[in-house]
Amino acid sequence: MSDIKKADAGWAKIWGGFETKHPKLAKWLYQIFYFFVFSMGVTVIQYLIFTFMPGLLGKELAGTEFMWPQVQMKIFGVDFTWSLLGYNVLYDKVGEVLIGGGLGYFISYEVGSFAAQCINFPLQRNITFKSHGNPVYQAMWYFIAWIAISLICNGFNNLWMPVAAAYVAPAVYNILVTVITGGVSMVIFFFVFKIIFPEEEVKKE
């Protein structure tokens with residue numbers, strides 16, 4: 001037996017013993033581990049879409065304002081318009097439109113977030129929580145939760161993103177958006193999954 005197979009067998013034995021002694025804790029650790037791995041995986045996908053899609057959509061959409069509601073604010077000397085939906089149009093020091101704001105970024109954000117959820121949902125449902133519930137019912141509640149969480153994240157992001165855009169490079173800016181949005185979403189979504197994928201589910205033959 002190779003060293004790798006011996007290590008795998010040893011780990012399986014240790015985990016099996018722990019799972020027998022502490023079944024509830026083992027289930028939580030299993031779920032948290034796979035939830036984190038899959039969530040981080042789709043977070044990378046979101047980052048790539050957030051970073052490259054605005055450029056593909058071009059400056060016309062980046063320079064198109066799409067925001068609701070529009071509340072004028074000023075933080076750290078930066079004037080901007082806060083909203084739940086949409087993003088400020090970004091300009092450089094000479095007034096030229098920058099990629100990374102406006103309708104172009106809003107479309108990129110929503111496409112990236114939605115695509116990530118389309119990948120995340122089946123992975124979490126089938127592997128992390130091993131659910132056998134009604135997939136249509138679960139997907140409906142997941143979609144509702146995604147809309148609510150997106151609004152929360154959008155509102156929060158629009159408080160700091162205009163300030164960050166004025167001081168940091170686009171690559172750093174998108175990392176911050178991804179990490180903060182992904183972090184908030186992960187915490188909320190874990191408990192959403194615990195609700196829509198209940199522990200007492202029994203697979204019907």
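Two rings of Phe, Tyr or Trp count as a pair here if their centres lie within 6.5 Å, with the six-membered ring standing in for Trp. That's the idea to keep in mind for these close-ups, all of which come from a predicted model.

**View 1. The whole chain, with six helices and six strands.** Walk along the sequence and you meet the pattern α-α-α-β-β-β-β-β-β-α-α-α. The protein chain has 205 residues, and 38% of them count as buried. Among contacts with a separation of 6 or more, 69% join residues 24 or more positions apart. As for the outside, the accessible surface comes to about 12100 Å², and carbon and sulfur atoms hold 72% of that.

**View 2. A cluster of linked aromatic rings.** Ring pairs string together Trp28, Phe35, Phe121, Phe129, Tyr142, Phe189, Phe190, Phe191, Phe193 and Phe197. Searching the whole structure turns up 24 aromatic pairs. The next two views pick out a couple of pairs from the cluster.

**View 3. Phe35 meets Phe193 edge-to-face.** The ring centres of Phe35 and Phe193 sit 5.9 Å apart, with 75 degrees between the planes. Phe35 belongs to helix α2 (residues 23–57) and Phe193 to helix α6 (residues 170–196), so to speak a handshake between distant parts of the chain, 158 residues apart. Both Phe35 and Phe193 are buried.

**View 4. Phe129 and Phe197, a tilted pair.** Here the centres are 5.6 Å apart and the planes make an angle of 45 degrees, so the pair counts as tilted; the edge-to-face label is kept for angles over 60 degrees. Phe129 comes from the loop between α4 (102–128) and α5 (135–167), while Phe197 is in the segment after α6, so this pair ties together parts that are 68 residues apart in sequence. Phe129 and Phe197 are both buried.

**View 5. Lys194 over the face of Trp28.** Lys194 lies 4.1 Å from the centre of the Trp28 ring. Trp28 also turns up in the ring cluster of View 2.

**View 6. The largest nonpolar core, with 27 residues.** Which residues touch the most other members of this core? They are Tyr105, Val177, Phe189 and Phe193. Helices α2, α4, α5 and α6 each chip in at least two residues. Phe189 and Phe193 will look familiar, as both are in the ring cluster too. In soluble globular proteins, nonpolar side chains tend to be buried together.

Key
Residues numbered from 1 in each chain as written. Predicted model: local features only at pLDDT ≥ 70, side-chain atom pairs only at ≥ 80, totals over all residues. Heavy atoms only, no water. Helix = DSSP H or I, 4+ residues; strand = E, 2+ residues; numbered from the N terminus. Buried < 20%, exposed > 50% of the residue type's maximum accessible area, 1.4 Å probe, protein only. Contact = heavy atoms within 4.5 Å. Areas by Shrake-Rupley, 256 points an atom, 1.4 Å probe, with all protein chains shown as cover. Phe/Tyr/Trp six-rings, centres within 6.5 Å; stacked < 30°, edge-to-face > 60°. Lys NZ or Arg CZ within 6 Å of the ring centre and 35° of its normal. Core = buried A, V, L, I, M, F, W, Y, C linked by side-chain atoms within 4.5 Å.
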